[in-house]
Amino acid sequence: MKILFRNVAELVELCESENISISEVMIRQEMQVRDKSREDVYGQMEANLDVMEKAVDDGLKGVKSVSGLTGGDAVLIQEYMKTHTPLSGNIVMDAVSKAVATNEVNAAMGTICATPTAGSAGCVPGTLFSVKNQLNPSREQMVRYLFTSGAFGFVVANNASISGAAGGCQAEVGSAAGMAAAAIVEMAGGTPAQSAEAMAITLKNMLGLVCDPVAGLVEVPCVKRNAMGASNAVVAADMALAGVTSRIPCDEVIDAMYRIGQTMPVALKETAQGGLAATPTGRELEAKVYGINLKKE
Amino acid sequence: MKYKSVFDIIGPIMIGPSSSHTAGAARIGRVARDLFGREPKWVKIHLYGSFAKTYKGHGTDVAIVGGILDFETYDQRISQSLTIAKEKGIKVQFYEEDAHTDHPNTARIRIGDDDGDLELVGISIGGGKAEIIEMNGFELRLSGNNPAILVMHNDRFGAIASVTQLLAKHEINIGHMEVSRKEVGKEALMVIEVDQTISEAQLKELEQFEHILQVARVVE
């Protein structure tokens, strides 16, 4: 079992010294770690891609969660795009609608692929199925998009956290958005170093984001946080491709995220005790979902 | 490194809504089922931390029970698992615990029937990945860095040797091993961390040995 990289700096260095892409490093490591052939590893990832594609399609047809709190927004955005030119641009709004579609399917207990988690499952596929309209990737490049995302997620998961209960939403949607940004850069023809910059720029802007789901459900605000994560990823990718760099290196941003997560109050880490969950409306929705009468004091 | 595979990050394919509270919880339930080795008649599930606070919304309850019914994380039947368990005559009880645990997503599962029972503590560490930290009162000190299996066996001559010989035959190297028992000649537990991946077929082969009660993979 051989791990090829433990942090982003090692990952980028390996890409540069071997003159290979980030997705290629991830594929090679996976083959070594799990003693699998390239075909096996590639095939398993392509199966994930199929699930993501179907989830986006299902969400764009319109779904409703069991609680009734979420569903239908992906359709609204797509309808808007047919009749208007979005101010934030077609690629951004398309990514937003597809991220929302994925998370609406998730909230409706449909089948999704966790990237890196279910609550943050929208950012990576949402951006992928949007930027593909402009970048026209091959199927292989789309599968590689997921390996590149996975490489950055791998570093975050091992050096920080991808759990909202352990590190807040910054660990989930923050990580997912950063992973997506890095993958967009590779698909758009950027360098591995630029992928790392895109990840750093994205995650910096997600630091401190708390996990405060209303009624404890992965719905409010999770669905819209994926929308913003996806848009953040597209913007950061553009910035990195333009040559903008992060003053704080990617690994240090990941470390900062970890330490912020450790010091974040428990009420704001997926316990439904603080933040939006504890607002008057949040509590009202919670009572409605569980059929409880709110006691007035 | 807790996460070794890219598919821990991009994956699992699962039923929503939460990887830690639904998919990870289902995996803890499934390890309990694997170790128990058969469908139980009763199940008692104690939930701690974030699991205790939000299990209804995340479907943690249906997920754990789904795992105990041997469902995969992507099995649509998970959402119906409580009804399915009831139809099968399995008595399921939940307990919301206030006690503080080291990990926010912790579940203690007790399952059993007329012939025996089993208790384990699992934690869901994020992204659908789960770890078992305690089993029948035996604390498991797994590094989580290497594949690991648990072997429940009877404390008899040759039980340990039969397992290690089989691993040697398949060129699977043991990195760390612990053996513990409750009483001489009674139920005992081997915790084995290995350097290579153990296949499903090899696990089945282990289970065939005399004195081996159950085998389960706890870290992939």
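Which strand of chain B does strand 1 of chain A pair with, and in what sense? Keep that in mind as you click around; what you have open is a predicted model.

**Stop 1: the strand pair**

Select strand 1 of chain A, residues 111–113, together with strand 1 of chain B, residues 13–15. There's your partner: the two strands pair in the antiparallel sense, over three bridges. For a single position to zoom in on, pick A:Thr111, which stands opposite B:Ile15 in strand 1 of chain B.

**Stop 2: the whole A–B contact**

Now widen the selection to everything on chain A that touches chain B. You should get 49 residues of chain A in contact with 39 residues of chain B. To see where the chain A side comes from, colour by element: helix 2 (22–34), helix 3 (38–61), helix 5 (90–107), strand 1, helix 7 and helix 8 (164–167) of chain A each give two or more residues. Helix 7 of chain A gives the most, with eight residues. Recolour by residue class and this side of chain A splits into 27 nonpolar, 17 polar and five charged residues.

**Stop 3: helix 7 against helix 12**

Stay with helix 7 of chain A, residues 139–159, and add helix 12 of chain A, residues 250–263. If you like to describe a helix pair in two numbers, the usual ones are the angle between the axes and the distance between them. Here the helices pack at about 40°, with their axes 10 Å apart. That angle makes helix 7 of chain A oblique to helix 12 of chain A, because angles under 35 degrees would count as roughly parallel. Helix 7 of chain A passes helix 12 of chain A in a right-handed crossing.

Show side chains for A:Val155, A:Val156 and A:Asn159 on helix 7 of chain A; they meet A:Ile254, A:Asp255 and A:Tyr258 on helix 12 of chain A. By class, this contact has four nonpolar residues, one polar and one charged.

**Stop 4: inside chain B**

Hide chain A and colour chain B by its domain assignment: domain 1 is 1–135 and domain 2 is 141–220. Drop a marker at the C-alpha centre of each domain of chain B and you'll find the two 23 Å apart.

Next, select the contact between these domains: nine residues of domain 1 of chain B touch nine residues of domain 2 of chain B. On the domain 1 side, helix 1 (19–36) and strand 6 (129–135) of chain B are the elements that give two or more residues. That side divides into five nonpolar, one polar and three charged residues.

Methods:
Residues numbered from 1 in each chain as written. Chains lettered and ligands numbered in written order. Predicted model: local features only at pLDDT ≥ 70, side-chain atom pairs only at ≥ 80, totals over all residues. Axes fitted to C-alpha atoms, helices over the stretch in contact; angles between N-to-C directions. Helix = DSSP H or I, 4+ residues; strand = E, 2+ residues; numbered from the N terminus. Parallel < 35°, antiparallel > 145°, perpendicular 65-115°, else oblique. Left-handed = near helix turned anticlockwise from the far one by under 90°. Contact = placed C-beta atoms within 7 Å. Nonpolar A, V, L, I, M, F, W, Y, C, P; charged D, E, K, R; others polar. Pairing = 2+ DSSP bridges. Domains from an automatic or database assignment.
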